[in-house]
Amino acid sequence: MTITDLSSILDGPAQAEGFDPGISDEELLHCYRTMQLVRAFDDICLKLQRSGRIGFSIPNKGIEATQVGAASALRKDDWFFPSYRDFGMAMYHGVDPTDMMHNMFGNSLDTARGRQMPVHFSFTDPIHFVSISSPLGTHVPQAVGAAYAMKLRGEDKVALASFGDGSTSTLGFHSGMSFAGVWKAPVIFLCQNNGYAISMPSHEQTASSSYAIKGKAYGVPGVRVDGNDLLSVRAAVAEAAERARAGEGPTLIEAVTFRMGGHSTSDDPSAYVPDSEFAEWRDKDPIDRFERFLIQRGTLDVAEPELIYADCLAQVDAASKAAQATAPPALETIFSDVYAEIPDHIRSQGQAAFELAGRLGEAAAGDGAFPL
Amino acid sequence: MANMTLIGAVNDALKTALREDPSVLVFGEDVGKKGGVFLATDGLQAEFGADRCFDTPLSEDGIIGTAIGMAMNGLKPVAEIQFQDFIFPAFDQIVSEAAKLRYRSGGQYTAPMVIRTPYGGGIRGGLYHSQSGEAYFCHTPGMKVVIPSTPYDAKGLLLAAIADPDPVLFMEPKALYRAVKGEVPEGHYTVELSTTRNVREGDDVTVVEKAADMAAEKGISVHVVDLRTLLPLDESAVVEAAKKTGRVVTVTEAPRFCGYAGEISAIVAERAIEYMEAPVVRVTGFDTPFPNTLEHHYLPDARRVIDAIEKVANF
């Protein structure tokens, strides 16, 4: 693969008679179902947000193949440093949509204990899906540091840092690439070039001829793949992981894709994305493309997609109902986890807040467990 | 016991930690072969190898960002920022990431790491080699901020910081690196964080200092408290010291407005005002950038501190 060519398996080798992807049917179907699950999660979150039950959501429509393709090339003991548009990676490896919905509602079972906005997931089981923060690019050098630890201990794990095209302008991208190149750290940089950084079109984000070419300056090989083709993304990440595990260092992968919606539920893309661009990418929908491939080779029956999507919707709907029925976090969660042990000044602030809430009759269920 | 400078004690602490714990790493700009611009890491690379003590590219953001990833994944990074004046590219990593990681993940991910950095004036370093940036970081829940002022404390506090489960900014007063000497025990010992040290017992005025001992020879008995850890602060010790004399002077090198001296003043006002015989007076740097040629006028030196003590004592 080279930087200027856009490598696509679905549009290329997969068209040939008797093409063998080298992946079991079971695995292909798991990838397909995960993409549908991501879309179902998105669709339900949009409804929840529009009906005022959650405050915010980040749509993934159009990006599913990049997320799931990348995750499917990595192992459960690898580390994921995701962006906020990456939760298909967690779903692929078995994170329960109910645990994700707890975060969307910021309830007492949310791993972030209701402290973060929705979509800022954090999981350690069954994979390290590292806690997401809102500042962009900060996680890139962190992935390099985690990868350095793997290398120092002689483990054959890799770290994946995933980010959008806008993040390539951040400090973290440059320092992360620079350090990883020098250290030959076992890390994969996945740039999801999804067309826009909120409203900034990708071609105005950089004067470089591609995002993949940016690797060259850091001595990091760069490849550019069709991000709406699960097989292409999977193959590129698998190759990068193999290089990393063999001690050959980092790879920068640019997955060319498109955000078929707003940046978030607070954003109206019609103000800056031409209708024609949406129409063009609608024809390249990553789920439809993978579906056609699976049907063509007989892995999927024509009647199945609808059933699978309905099943995913039911699963996410049940998750959402369970999360809605879960109590909000107790007042003490404001004051805990700032430090390993609560220091005196925070303890006394917590006691004052709890005393005031009690005096004003505001103490809700769960507040009585205030352990300060 | 050995007689050591403050920087010698820092070096000894790092060697002790590297020897005892294979997960400890020391890195930053010029810390490897050169041993640091002040020689705080002298000899570490030779003894422990370039995997555990190494130079990084010139990027503070990269140094702290990678340190956070290492800390998350089981290592104990001790990162050096060459001068605190250059820490600001890493401000986002410290404030948005290291300090908030435990909180935002409900304790699933943590960043137990130490950021060592020389700070403060007195070396004719001008605007960019002299600043005291503690207030920025003390305003950041999740961080710990530690400043030693003796060789004994430097080693004991640094070893405590390395063992601590939370991110610690370890600010080293560079003017004292070779200006103070003291007895330092061999091997491992710690000085507990968030404790204060009474430098001098006295009855008339309490001086809350973050750095050196000072002399007040005008017949006023001065009680000097070294805070050792600015965050989390041992507030009770400050309040008790204030109650003892009813007269407090706080001394910091940083600019006054929104500075740490003001926080001490507020704590005393909130918790001990009925004991106070005089206003709390701050002796600080001026609300200007740090000057070069005239730095001796900028620094809160003995003549300015004594001036304030006399005002408070005679109020």
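At what angle do helix H5 (residues 139–152) of chain A and H3(B) pack, and how far apart are their axes? Keep that in mind as you look around; the model you have open is a predicted one.

**Stop 1: where the chains touch**

Colour the two chains differently and look at the contact between them. Chain B puts in 37 residues and chain A puts in 36. On the chain B side, the elements that give two or more residues are helix H3 (60–72), helix H4 (91–98) and helix H5 (101–104). H3(B) gives the most to this side, with 9 residues. Sort the chain B side by class and you get 13 nonpolar, 16 polar and 8 charged residues.

**Stop 2: the helix pair across the contact**

Now select residues 139–152 of chain A, which are helix H5, together with H3(B). Here is the reply to the opening: the two helices pack at an angle of about 50°, with their axes 6 Å apart. H5(A) and H3(B) are therefore oblique to each other, and their crossing is right-handed. To see the contact itself, show the residues that make it: from H5(A), pick among others A:Pro141, A:Val144, A:Tyr148 and A:Ala149, and from H3(B), pick a set including B:Asp61, B:Gly65, B:Ile68 and B:Met72. By class, this contact has 10 nonpolar, 6 polar and 1 charged residues.

**Stop 3: a helix pair inside chain A**

Next, select H1(A) and residues 304–324 of chain A, which are helix H11. Their axes come within 8 Å and cross at roughly 50°. H1(A) and H11(A) are therefore oblique to each other, with a right-handed crossing. Among the residues making the contact are A:Leu37, A:Phe41 and A:Ile44 of H1(A), and A:Tyr309, A:Leu313 and A:Val316 of H11(A). The class count here is 10 nonpolar, 2 polar and 2 charged residues.

**Stop 4: helix H8 of chain A**

Finally, select residues 230–245 of chain A. This is helix H8, with 16 residues, and from its first C-alpha to its last it reaches 22 Å, close to the 22 Å expected at 1.5 Å a residue. Which residues of H8(A) are buried? The list includes A:Leu230, A:Val233, A:Val237, A:Ala240 and A:Ala244.

An α-helix has 3.6 residues a turn, so residues three or four places apart point the same way.

To see what the buried residues of H8(A) pack against, show helix H1 (25–50), helix H2 (64–72) and helix H10 (286–296) of chain A, then add strands E4 (187–193), E7 (222–226) and E8 (251–256). Before you leave, click on A:Gly247, which follows H8(A) and has a positive phi, near 80°.

How values were computed. Residues are numbered from 1 along each chain as its sequence is written. Chains are lettered from A and ligands numbered from 1 in the order in which they are written. This is a predicted model: local features need pLDDT of at least 70, side-chain atom pairs count only at pLDDT 80 or more; totals for chains, interfaces and linings use all residues. Helices (H or I, at least four residues) and strands (E, at least two) are DSSP runs, numbered from the N terminus. The expected span of a helix is 1.5 Å times one less than its number of residues. A residue is buried if 20 or more other C-beta atoms lie within 10 Å of its own, exposed if 12 or fewer, and partly exposed in between; C-beta atoms are placed from the backbone. Two residues are in contact if their C-beta atoms, placed from the backbone, lie within 7 Å. Ala, Val, Leu, Ile, Met, Phe, Trp, Tyr, Cys and Pro count as nonpolar, Asp, Glu, Lys and Arg as charged, and the others, Gly among them, as polar. Axes are lines fitted to C-alpha atoms, for helices over the stretch in contact, and angles run from 0 to 180 degrees between N-to-C directions. Angles under 35 degrees count as roughly parallel, over 145 as roughly antiparallel, 65 to 115 as roughly perpendicular and the rest as oblique. A crossing is left-handed if the near helix is turned anticlockwise from the far one by less than a right angle, and right-handed if clockwise.
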